[in-house]
Amino acid sequence: MNPKIKILPENIANKIAAGEVVERPASVVKELIENSIDAGAQAITVEVRGGGLALIRVSDNGTGMGREDAVLCFSRHATSKIVTLQDLFQIRTLGFRGEALASIASVAQLEMSTARSEESVGTRVLIEGGKILEVGDTARSTGTTVMVRNLFFNTPARKKFLKSEITEFRQILSVVQNLSLCYPPIAFRLIKEDSEVLNLIARERQLERIADILGKTSESRFLPVHYQGDGVTLAGFIGKPEFAQMDRKRQFFYVNHRMITSRSLSQAFLRAYDTLLPIHKFPMGILDFELAPNLIDVNVHPTKREVRFSNERMIQDILVNAVRRTIRNANIIPDLSYKELTGRGFPLAPVLSFSKADYLKSPEEPIQEIMPLELNPDNKEAPSPQPTSQPDFPSIPEFSSYQVQYFQLHSCFIMTPIKNGLMIIDQHVAHERILYERILDNFKESKFFSQQLLFPTTFESSLTEFEVIQNNLNQFEMLGYGLKTFSGRTVIIEAIPAEIKPGTEDKILREIIASLLEEEDPKLDIVQRFAKSFACRAAIKSGQTLNQQEMTHLVNALFQTKSPFTCPHGRPVVVRLSLDEIQRRFLR
Ligand code: ADP
Ligand code: MG
């Protein structure tokens, strides 16, 4: 009987390996840049078309390859970086498996040209779907160019799983930015559809490169971190607490100059800031650990995105201690920590089930006009509250027996006695709910309220931010923003939504973009995402003191909304502490 097991031909094996190494265009870009770095390049240019699916071209001025190597490098397990098993535990290069080029070539049409300095003529190799089609001479300067066309042309199943070109490009951009942060002396260029998106000149100091990527103001937002001991060196920059972000996108971890993702490091990093950050805020950081290669296993993930530390606990502790010491030395701990602020409050009962009808006497009662919130008294053009002769809450029986009085607790909560107990409203989420519904209405009726700025401000956006703005100019207009984009990354803010306080427009715009990028829920349409992001950013914050009138308007407007009891993110807005509950607590 014939044996059933067969050794797969190399081209099939490569295609299988490609499934792991080459997840998407950005993985190709990562592998090719890493090869260029390993080859000692000082300048790397990345060109892409169609989100990297149509074309990826990475050129470097590294060592280049001779003819034999130029052909051999496409075989699986062909690497110049390790020779013996011992080497696997002493890896100093980014690559070592000899798999990337073979994998990429098996799922694309690839053309490579390369030349070494000592040779007068270079080599050009054409390879498609893993088959070498042509090897010949080419004239070129020292270095290597790899051009990858029609990625996944022969694996349509993989192609189906890719996201839009915009998303794939965003991933590529993020790979280039991520790697460039760790290699300031290397110049990087990124070109998309013939236009230059990134041009990073070689930098001596990492902070300069950080500023290139994360914005000019980085110099004032970051603190240098340095630690050395236990065979580990940690170097990099961490963001000051007040510049914490909505997400973890500005956290960059490296081990021996290899970009990695690590949940445990990212958790430790957050822990290091302790109570200096409000919940759901994340610190910024660019952190490179250097340790003896035998203390890490870099061979645990197909794309080498994760590493295993032989002593993970120690690495976490080093991170936490180094960050804490940096913050302590910088003397930036605010007087009142967040914990103190929230910790003093009494434990509140969970939201009791009650409906909006609890508050409304009868459906026939005329619904009061929505009161615009006047939280911005010196802004003449913002809508101001209509004078009203009606008493507050005329239609809410629970309040009728009281002279309605609001109390503010810790500038966060509004409290008021109601017939059967105490009602506590979270001012921020209440305003969020109000704005959210108003924005949805605005979008529905295509009307928008904006205020023209006397002095338009310039908004220096990052690349990603610029892209979001450009792709969504209409939506921003519906919010009330008047934005003009210029080449480069400059955006002029000419008008802002009525609800926004002038002077905060760029901060809020930046936050809206961040949360738009963060909000991945595909079920939400763009309008809802905008409404949600805008409401969350523009709503009054916890910590803002409100006067009686403002509290009254806020509560009135809240109970005119369709669902006053939860914010757009699903958090409770109102908590009621019933008399029963209060009595129980006093053991009555
Ligand atoms: P690995 O990087 O794991 O060794 P690759 O498949 O990425 O495997 O590359 C195979 C080999 O081809 C490398 O070991 C290196 O010798 C050579 N090579 C690849 N890219 C370049 C480049 N840009 N410049 C010089 N040599 C390169
Ligand atoms: Mg490689």
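This is a short exchange about a predicted model of a protein chain, with its burial, one helix and some salt bridges.

Trainee: How many helices and strands does the protein chain have?
Mentor: The secondary structure comes to 20 helices and 22 strands. Of the 588 residues, 50% count as buried.

Trainee: What makes a residue of helix H10 buried?
Mentor: Its relative accessible area must be under 20%. In H10, residues 263-273, the residues that count as buried are Ser264, Leu265, Ser266, Ala268, Phe269, Ala272 and Tyr273.

Trainee: Which elements do the buried residues of H10 pack against?
Mentor: Among them are strand S10 (232-239), strand S13 (285-291) and helix H11 (312-330). After H10 comes Asp274, with a positive phi near 50 degrees.

Trainee: Why is the pair Glu23 and Arg305 called a salt bridge?
Mentor: The cut-off is 4 Å between a side-chain nitrogen of Lys or Arg and a carboxyl oxygen of Asp or Glu. The closest N and O atoms of Glu23 and Arg305 are 2.9 Å apart, so the pair qualifies. By this rule the count comes to 22 salt bridges.

Trainee: What does the pair of Glu23 and Arg305 tie together?
Mentor: Glu23 lies in the loop between helix H1 (10-21) and helix H2 (25-38). Arg305 lies in the loop between strand S14 (296-297) and S15. The pair therefore ties together parts that are 282 residues apart in sequence.

Trainee: Why is Glu23 called partly exposed?
Mentor: Partly exposed lies between the 20% and 50% cut-offs. Glu23 has 32% relative accessibility, so Glu23 counts as partly exposed. Arg305, at 28%, counts as partly exposed too.

Trainee: How do you know that Asp194 is exposed?
Mentor: Exposed means over 50%. Asp194 has 60% relative accessibility, so the word fits. The side chains of Asp194 and Arg49 meet in a salt bridge, at 2.9 Å from N to O. This pair links distant parts of the chain, 145 residues apart: Asp194 is in the loop between strand S7 (187-192) and strand S8 (195-200), and Arg49 is in strand S1.

Trainee: What makes Asp317 and Arg313 a salt bridge?
Mentor: Their closest N and O atoms are 3.6 Å apart. That is within 4 Å, so the pair counts. Asp317 and Arg313 are four residues apart in helix H11, about one helical turn. Residues three or four places apart in an α-helix point the same way, because there are 3.6 residues a turn.

Trainee: Is Arg313 buried or exposed?
Mentor: Arg313 has 55% relative accessibility, over the 50% cut-off, so Arg313 counts as exposed. Asp317, at 31%, counts as partly exposed.

Terms used
Residues numbered from 1 in each chain as written. Chains lettered and ligands numbered in written order. Predicted model: local features only at pLDDT ≥ 70, side-chain atom pairs only at ≥ 80, totals over all residues. Heavy atoms only, no water. Helix = DSSP H or I, 4+ residues; strand = E, 2+ residues; numbered from the N terminus. Buried < 20%, exposed > 50% of the residue type's maximum accessible area, 1.4 Å probe, protein only. Contact = heavy atoms within 4.5 Å.
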